[in-house]
Amino acid sequence: MKATVKWTDGRQFVTESGSGHSVVIDGNPDHGGRNTGPRPMELVLMGLGGCTSFDVIQILEKARADVTDCVATLEAERFDGTPSVFTKIHVHFVVTGRGLKDAQVKRAVDLSAEKYCSASLMLAKGGVEITHDYEIVEA
């Protein structure tokens, strides 16, 4: 896996993934940015949310669950100092579908957290406390 990060000006950078997708990253105006893109740590949090959501959907689809939507909301706390690393992250899933079983959704969330989500497992090994919960909405 590769990525390129190119400085444009101020605290703005254009990143490009090895697969050819670009994202603008920018800093807070208080730190010389212009607020034209997410902050680097926001991208880490968004990546975690994408990684675990990918797993949950894939696991539920393999179980033939009739999933119509999945939204993960993440809240993070950071160390009040330097470096300002994540200390806690909570992921809340809202899984919508027809006839979803609690045990299926719980299993998908647990498997992602404990076995499949590389981003979650990497952050947890780095000392971040990661918790998950979910709710099911009938479509």
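**Figure 1. Helix 1 supplies the largest share of the lining of the largest pocket, with six residues.** The structure shown is a predicted model. The pocket in this view, the largest one, has a volume of about 630 Å³. Its lining is formed by 23 residues, of which Met1, Ala3, Leu43, Val44 and Gly47 are the closest to the pocket centre.

**Figure 2. Several helices and strands contribute to the lining of the largest pocket.** At least two lining residues come from each of the following elements: strand 1 (3–9), strand 2 (12–17), strand 3 (22–25), helix 1 (40–62) and helix 3 (118–125). Sorted by class, the lining of the largest pocket consists of 13 nonpolar, eight polar and two charged residues.

**Figure 3. The second largest pocket has a volume of about 170 Å³.** Its lining is made up of Gly27, Asn28, His31, Arg39, Pro40 and Arg78. Three of these lining residues are polar, two are charged and one is nonpolar. Under the classes used here, Gly27 counts as polar, whereas Pro40 counts as nonpolar. The two charged residues of this lining are Arg39 and Arg78.

**Figure 4. Arg78 lies over the face of Phe86.** The distance from Arg78 to the centre of the Phe86 ring is 5.8 Å. This arrangement counts as a charge over a ring because CZ of an Arg must lie within 6 Å of the ring centre and within 35 degrees of the ring normal. Arg78 also belongs to the lining of the second largest pocket. As for contacts between aromatic rings, the structure holds zero aromatic pairs.

Note on methods
Residues are numbered from 1 along each chain as its sequence is written. This is a predicted model: local features need pLDDT of at least 70, side-chain atom pairs count only at pLDDT 80 or more; totals for chains, interfaces and linings use all residues. Side-chain values use heavy atoms; hydrogens and water are left out. Rings of Phe, Tyr and Trp (its six-membered ring) pair if their centres lie within 6.5 Å; planes under 30 degrees apart count as stacked, over 60 as edge-to-face and the rest as tilted. On a 1 Å grid over the protein atoms alone, a cavity is a set of points where a 1.4 Å probe fits but cannot get out, and a pocket is an open set with protein on both sides within 12 Å along at least five of seven lines; lining residues have an atom within 4 Å of a point. Grid points are joined across faces, edges and corners, and a volume is the space filled by probe spheres set on the points. Helices (H or I, at least four residues) and strands (E, at least two) are DSSP runs, numbered from the N terminus.
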